[in-house]
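Q: Please take a close look at how one pair of helices packs together in this model, and then set that pair beside the other packing in the chain.

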Amino acid sequence: MSMFASGLNPKYLEAIKKFRLIDDTFFNICFDGSNECMQLLLCIIFDRTDIIVQDVVTQRSAHNLYGRSVRFDVLAMDGDGKIYNVEIQRADEGANPKRARFNSCLIDSREVTKGTEYKDFPEIWVIFITENDIFGAGLSMYHVERVVTELDRLFEDAAHITYVNGAYRAEDAIGMLMHDFFCEDPAQMHYKELARRADFFKHEQKGVNAVCEIMQELMNEERIDSHNAGLDEARTHTAIDMLRDNEPIEKIIKYSHLSQERIEELAMQLH
């Protein structure tokens with residue numbers, strides 16, 4: 001890497017050496033637009049050979065009606081119109097069951113157009129690849145389905161959740177896949193599709209440059225988010241102080257730069 005490292009941030013280059021697919025940034029980079037890698041992943045998870053991935057996108061934001069958003073790690077669609085959301089979760093709390101519920105709802109809100117009949121809603125799979133065995137049973141995967149309790153029958157709402165145990169290391173397809181996800185050296189990976197992709201972003205000039213650019217963009221976004229959070233906090237304090245002084249709302253809007261709705265919300269909280 002040294003032959004083309006000139007001008008690149010040494011910290012980024014050192015981080016790239018240690019990147020693994022279980023790190024969500026590197027996972028997003030490697031899988032972005034790679035139908036081949038996504039197809040391999042899904043075929044292993046579902047123990048099939050006939051899944052054909054048509055489209056893969058990463059880190060797309062989706063918003064619900066009230067403004068809460070989620071950033072999907074990877075969204076993919078296969079030739080049958082099934083939608084797969086694959087999420088990397090290093091921290092156990094990130095794989096909260098309600099996160100899966102929220103992701104499913106937002107995928108529906110993005111993909112289902114007005115007038116679509118219920119029978120035509122797409123089948124959705126939310127797949128968490130977790131660093132730890134969050135259910136503690138030592139299994140390779142855990143499948144979650146809704147059932148009609150009294151009948152012990154599947155509800156068949158076409159929404160599914162799967163947890164892949166990143167700690168699983170048996171000598172089978174899932175075990176080898178999880179080995180590859182935790183591997184820093186592409187040469188030590190079992191699956192050539194993943195090894196080629198990881199090697200490109202770790203050792204080839206174009207790939208390394210692309211990773212460094214993405215890391216810089218993420219750093220810039222973090223700075224902007226931090227700045228905006230501080231600015232919003234200062235504006236909120238200004239509005240609260242003015243509300244306590246019974247200042248007219250027009251004046252509070254002018255000096256706090258908050259919306260009337262936000263100021264009214266703060267006023268309700270003070271009472």
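A: In this predicted model, helix α8, which covers residues 249–256, packs against helix α9, residues 260–270, at an angle of about 110°, and their axes lie 10 Å apart. Because angles of 65 to 115 degrees count as roughly perpendicular, α8 is roughly perpendicular to α9. The crossing in which α8 passes α9 is right-handed. On the α8 side the contact is made by I249, I252, I253 and S256, and these meet Q260, I263 and E264 on the α9 side. Sorted by class, the residues of this contact are four nonpolar, two polar and one charged.

A second pair can be described in the same terms. The axes of helix α2 (residues 24–31) and helix α6 (residues 192–203) come within 10 Å and cross at roughly 110°, and α2 and α6 are therefore roughly perpendicular to each other. Here F26, I29, C30 and F31 of α2 meet L194, R197, A198, F201 and K202 of α6, a contact with seven nonpolar, no polar and two charged residues.

Two residues of that second contact, F31 and L194, appear again in the largest nonpolar core, which has 51 residues, and they are among those that touch the most other members, together with M38, L41, I127, I129 and F181. Helix α3, residues 35–45, gives the most to this core, with eight residues. Leaving aside neighbours within four places in sequence, I127 is in contact with residues including L42, I45, F46, Y84, V86 and V164. Separate from this is a second core of 15 residues, among them V57, L106, I107 and F128.

Terms used. Residues numbered from 1 in each chain as written. Predicted model: local features only at pLDDT ≥ 70, side-chain atom pairs only at ≥ 80, totals over all residues. Heavy atoms only, no water. Axes fitted to C-alpha atoms, helices over the stretch in contact; angles between N-to-C directions. Helix = DSSP H or I, 4+ residues; strand = E, 2+ residues; numbered from the N terminus. Parallel < 35°, antiparallel > 145°, perpendicular 65-115°, else oblique. Left-handed = near helix turned anticlockwise from the far one by under 90°. Contact = heavy atoms within 4.5 Å. Nonpolar A, V, L, I, M, F, W, Y, C, P; charged D, E, K, R; others polar. Core = buried A, V, L, I, M, F, W, Y, C linked by side-chain atoms within 4.5 Å. Buried < 20%, exposed > 50% of the residue type's maximum accessible area, 1.4 Å probe, protein only.
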